[in-house]
Amino acid sequence: MPTETKQENLVGNIYGSRISKNGKWLNLIIAFKLHGEEKKITCPVKIDETEDKPFAIIKEISEDGLKRAAICGVKVYEDRKEPPKQEEAISDDLPF
């Protein structure tokens, strides 16, 4: 009988970012804790608009001279609270 494993939901924070060497990607540095240990990963996001994937827009802020990025096109999913209802078959729709 297989043992049940407890899945840990990780929550990360954007630690920082930088533009890739070729200038086509914004590399987000995401910090999170795993089993009490601080970890960092890099998440690349394409710069400039794409049709079906998230993308970054880089803007220059003149006040402090720093560049700022906006991440766009991220799909948002909602958790289902209950399973979808099954429709009852109507006798007229039956193939026999």
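In this predicted model, K46 stands opposite F55 in strand β4, and this pair of residues belongs to the region where strand β3, residues 37-47, and strand β4, residues 55-60, pair in the parallel sense over 2 bridges. Strand β4 also has a partner in strand β5, residues 67-72, with which β4 pairs in the antiparallel sense over 6 bridges. Within the pairing of β4 with β5, E60 stands opposite K67 in β5.

These strands can be placed in the chain as a whole, whose secondary structure comes to 0 helices and 5 strands, so that the elements, read from the N terminus on, run β-β-β-β-β. The chain has 96 residues, of which buried residues make up 12%, and its accessible surface comes to about 9,600 Å², with 50% of that surface belonging to carbon and sulfur atoms. When contacts between residues at least 6 apart in sequence are considered, 13% of them join residues at least 24 apart.

The confidence of the prediction bears on how the details may be read. The chain averages a pLDDT of 82, and 75% of the residues score at least 70. Among the strands of the chain, the mean confidence is lowest in β4, at 89, and highest in β3, at 94. As a general caution, where pLDDT is low, the predicted coordinates should not be read in detail.

Strand β3 is also paired with strand β2, and here 10 bridges join the two strands, which run antiparallel. In this pairing, W25 stands opposite K46 in β3, and K46 is the residue that also stands opposite F55 in β4. The side chain of K46 provides a further link to W25, since K46 lies over the face of W25, at 5.3 Å from the ring centre. A second lysine has a comparable kind of placement, as K40 lies over the face of Y15, at 3.7 Å from the ring centre. A search of the whole structure for aromatic pairs, in contrast to these lysine placements, finds 0 of them.

Strands β2 and β3 form a hairpin with 2 residues between them, and H35, in the turn, has a positive phi of about 55 degrees. Most residues other than glycine have a negative phi. The positive value at H35 is therefore worth noting against that background, given that H35 is not a glycine. The place of H35 is in the loop between β2 and β3, where H35 counts as exposed because its relative accessibility is 69%, above the limit of 50%. A further positive phi, near 90 degrees, is found at D48, again a residue other than glycine. D48 is found in the loop between β3 and β4, and it is likewise exposed, because its relative accessible area is 55%.

Two asparagines illustrate how surroundings can be described for individual strand residues. N27 lies in strand β2, residues 25-34, and counts as buried because its relative accessibility is 18%, which is under the 20% limit. Leaving aside neighbours within four places in sequence, N27 is in contact with G16, S17, R18 and S20, and also with T42, C43 and P44. N13, for its part, lies in strand β1, residues 13-19, and is exposed, because its relative accessible area comes to 54%. When residues up to four places away in sequence are not counted, N13 touches I29, I30 and A31. The C-alpha atoms of N13 and L28, which are 15 residues apart along the chain, are separated by 9.9 Å.

Notes
Residues are numbered from 1 along each chain as its sequence is written. This is a predicted model: local features need pLDDT of at least 70, side-chain atom pairs count only at pLDDT 80 or more; totals for chains, interfaces and linings use all residues. Side-chain values use heavy atoms; hydrogens and water are left out. Two strands pair if DSSP finds at least two bridges between them. Helices (H or I, at least four residues) and strands (E, at least two) are DSSP runs, numbered from the N terminus. Rings of Phe, Tyr and Trp (its six-membered ring) pair if their centres lie within 6.5 Å; planes under 30 degrees apart count as stacked, over 60 as edge-to-face and the rest as tilted. A charge sits over a ring if NZ of Lys or CZ of Arg is within 6 Å of the ring centre and within 35 degrees of the ring normal. Buried means under 20% relative accessible area, exposed over 50%, partly exposed in between (1.4 Å probe, protein chains only). Contact means heavy atoms within 4.5 Å. Accessible areas come from the Shrake-Rupley method with a 1.4 Å probe; for residues, only the protein chains shown count as cover. pLDDT is the predictor's confidence in each residue, from 0 to 100.
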